[in-house]
Amino acid sequence: MKKNIKKKLVLAISITLVLSIILSSCGNKTNNNGSTIRIGSKDFTENLIVGELYALALESAGYQVERFPNIAGSIIHSSIVNNDIDMYPEYTGTGLLAVLKMDLMTDPDEVYTTVKEEYKKQFNISWLDYSKANDGAGLVIRTEVSQKLGIKTITDLQKHAGEIRFASQGEVDQRADGIPALEKVYGKFNWKSSKVYDNSLKYEVLRNNEADVAPAYTTEGQLVNKDEFTLLEDDKQVWPPYNLAPVIRDNVLSTDPGIAEVINKVSSVLDTDTVTALNAKVDVDKEEYEDVAKEFYDSIK
């Protein structure tokens with residue numbers, strides 16, 4: 001009798017151990033020799049939202065994730081190179097100009113191919129698929145003025161510059177990639193007036209009819225208010241593209257190539273209008289970026 005009890009006890013323990021192993025293998029996935037995937041993001045709304053989307057997607061696929069938000073843009077590249085994080089959302093134009101210090105290019109595919117090749121060669125870092133979302137330089141005009149003067153493009157703006165009050169940010173008048181870059185291609189902008197305002201006040205300045213046009217980034221949340229603000233088309237493509245794309249350490253990706261499929265699905269649904277709307281929920285509606293990312297991710301799962 002005692003032998004039978006002992007056999008049953010041993011069998012029960014064995015079954016428990018086997019089930020434990022099976023369940024653990026079906027649970028959270030890890031990569032990089034058992035470590036979690038460390039996702040960083042820069043210290044501004046859009047990058048925080050997209051970084052959180054990456055984290056949610058990976059967690060939904062069963063991976064363990066650790067978040068490192070609010071890393072300064074000046075050090076985030078060093079963070080991934082130095083193995084402090086594994087991946088983060090980057091911009092093709094930033095990779096080309098700020099990191100690689102290469103010459104200006106304006107074709108999105110060419111920029112992406114270049115940064116992809118050079119990052120792998122120089123840093124052992126991979127660029128996954130880039131999204132249609134382009135957070136680049138732009139000019140925003142009051143919609144009322146746009147409609148009145150028929151200004152839809154920067155070419156149109158240059159022709160009507162004498163009727164336009166420009167809300168400068170000071171440095172944009174001097175920077176090589178600012179007004180000087182535009183004037184090389186479009187011609188001189190002889191503004192009706194030009195005053196310097198703090199960047200954080202530009203939409204208030206436009207809304208209060210103190211100016212007509214201001215420099216902007218193409219996914220700023222306030223741009224959802226199309227009745228008030230119109231983003232002008234850079235029809236001669238002076239400015240480089242800044243398409244959003246995930247960058248990830250090669251050793252992490254080689255450990256589990258399935259990460260790419262998960263993250264590329266996120267990139268495939270991000271375009272400029274979508275990212276602008278997500279930014280607006282945080283910057284205009286004052287929602288928490290984690291809540292905005294969660295709501296959006298639940299809608300695309």
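1. A word on naming before the pocket: helices (H or I, at least four residues) and strands (E, at least two) are DSSP runs, numbered from the N terminus. Please keep in mind that this is a predicted model, where local features need pLDDT of at least 70, side-chain atom pairs count only at pLDDT 80 or more, and totals for chains, interfaces and linings use all residues. Residues are numbered from 1 along each chain as its sequence is written, and side-chain values use heavy atoms, with hydrogens and water left out.

2. Among the elements lining the largest pocket, α4 gives the most, with four residues. At least two residues each come from α4 (92-99), β5 (137-142) and β8 (213-217). By class, this lining holds 13 nonpolar, eight polar and seven charged residues.

3. Now for the hydrophobic side of things. The largest nonpolar core (buried Ala, Val, Leu, Ile, Met, Phe, Trp, Tyr and Cys residues joined through side-chain atoms within 4.5 Å; buried means under 20% relative accessible area, with a 1.4 Å probe and protein chains only) has 36 residues. Those with the most contacts inside this core are I39, I49, L53, L58, M87, I259 and L270. Elements giving two or more residues to this core include β1 (37-42), α2 (45-60) and β3 (87-91), and α2 gives the most, with nine residues.

4. It is worth clicking on I39: leaving out residues up to four places away in sequence, I39 touches (heavy atoms within 4.5 Å) G51, Y54, A55, L58, V65, E66, R67, F68 and M87. Apart from the largest core lies another, of 21 residues, among them V145, L182, W191 and W239.

Key
Nonpolar A, V, L, I, M, F, W, Y, C, P; charged D, E, K, R; others polar. Buried < 20%, exposed > 50% of the residue type's maximum accessible area, 1.4 Å probe, protein only.
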